[in-house]
Amino acid sequence: MKEERALCSCVIVDNRLYVAGGEASGGRNSVEVMSLGDFSRHQLAPTPTYRSTLGVLCDKVISSGGTITSEPSDASRDVSMLDVKTGKWLPLPSLTDIRDLHGHVTVDFGTLLAVGGMQSFGCVDRLATVEQLTAS
C-alpha cells in the first residue's frame with residue numbers, strides 16, 4: 001500500500017482490496033484500493049471517521065464506528081457505504097452504540113454484524129454487544 005498503517009481494516013469486493021483507517025502517529029481516515037488482478041493502487045475519499053471498521057454488505061463496502069477526530073477518546077456511531085463508482089461515502093442509519101476498535105462479520109449476503117469494541121479508546125468501557133447493520 002502507499003501508506004503505512006497499523007490496526008487498519010481490510011475487505012475484498014469485486015476482486016479489489018480496500019484498506020482503511022488504522023494508526024500511524026495518530027488515527028487515519030484514508031482509504032486505499034488495490035486491484036487483485038493487476039495490483040494497481042489508488043486513493044479513495046477518506047472515511048467519515050478515523051480508525052473505522054470495514055465490512056461487506058450486499059457487495060458494498062461499509063464503514064462503521066471509529067472516532068470523529070484523530071483523538072482516540074472521541075468514538076462515533078457513524079455508518080457509511082462506499083459508492084465504488086464515485087468513490088464517495090454515503091451515510092447510512094447510525095449504530096445504536098458508540099463503537100471503536102470493533103469487528104465486523106458478514107453472516108450472509110444481506111447481514112452484517114458489528115461486534116464488541118470500545119466506547120472510548122483505552123478505557124474500561126468495552127462492549128459485549130452485537131448490532132445488525134443494514135444498507136438502507
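How many bridges join E2 to strand E3 (residues 31-35), and in which sense do the two run? Keep that in mind as you open the viewer; the model you are looking at is predicted.

**Stop 1: strands E1, E2 and E3**

Select residues 16-20, which make up strand E2. This strand is mostly covered, with four of its five residues buried. Now add residues 31-35 to the selection: five bridges join E2 to this strand, E3, and the two run antiparallel. For one pair to look at, pick Ala20 and find its bridge partner in E3, Val31.

Next, bring in residues 9-13, strand E1, which is joined to E2 by another antiparallel set of five bridges. Ile12 is a good residue to label here, as it stands opposite Leu17 in E2. Follow the chain from E1 into E2 and you will pass through a hairpin with two residues between the strands. Click on Asp14 in that turn: its phi is positive, at about 50°.

**Stop 2: from Leu17 to Arg41**

Keep Leu17 highlighted and select Arg41, which you will find in strand E4. The two are 24 residues apart in sequence, and their C-alpha atoms are 9.3 Å apart in space. Is Arg41 buried, partly exposed or exposed? With a relative accessible area of 38%, Arg41 is partly exposed.

**Stop 3: Thr49**

Move along to the loop between strand E4 (41-44) and E5, and select Thr49. Thr49 is buried, at a relative accessible area of 2%. Show its side chain together with the backbone of Gly65: a polar atom of the Thr49 side chain lies 2.6 Å from the backbone oxygen of Gly65.

**Stop 4: the open sheet**

Colour E5, E6, E7 and E8 next. These four strands form an open sheet in that order, with antiparallel pairing. Strand E5 (53-57) and strand E8 (88-92) are at the edges with a single partner strand each, so one side of each has no neighbour in the sheet. Look across the sheet to see how neighbouring strands turn against each other, by 35° on average with direction ignored.

Then focus on residues 79-83, strand E7, which pairs with E8 in the antiparallel sense over five bridges. To place one of these pairs, select Val79 and its bridge partner in E8, Leu92.

**Stop 5: a nonpolar patch**

For the last view, switch on the surface and select Val105, Val107, Val115 and Val130. Together they make a nonpolar surface patch of about 310 Å². Of these, Val107 lies in strand E9, which covers residues 103-108.

Technical notes. Residues are numbered from 1 along each chain as its sequence is written. This is a predicted model: local features need pLDDT of at least 70, side-chain atom pairs count only at pLDDT 80 or more; totals for chains, interfaces and linings use all residues. Side-chain values use heavy atoms; hydrogens and water are left out. Patches are made of residues with over 30% relative accessible area and no salt bridge: like charges are joined within 9 Å, nonpolar side chains (Val, Leu, Ile, Met, Phe, Trp, Tyr) within 5 Å. Accessible areas come from the Shrake-Rupley method with a 1.4 Å probe; for residues, only the protein chains shown count as cover. A salt bridge is a side-chain nitrogen of Lys or Arg within 4 Å of a carboxyl oxygen of Asp or Glu. Two strands pair if DSSP finds at least two bridges between them. Axes are lines fitted to C-alpha atoms, for helices over the stretch in contact, and angles run from 0 to 180 degrees between N-to-C directions. Buried means under 20% relative accessible area, exposed over 50%, partly exposed in between (1.4 Å probe, protein chains only). A polar contact is a pair of N or O atoms within 3.5 Å; within protein, one must be able to donate a hydrogen and the other to accept it, and residues adjacent in sequence count only if both atoms are side-chain atoms.
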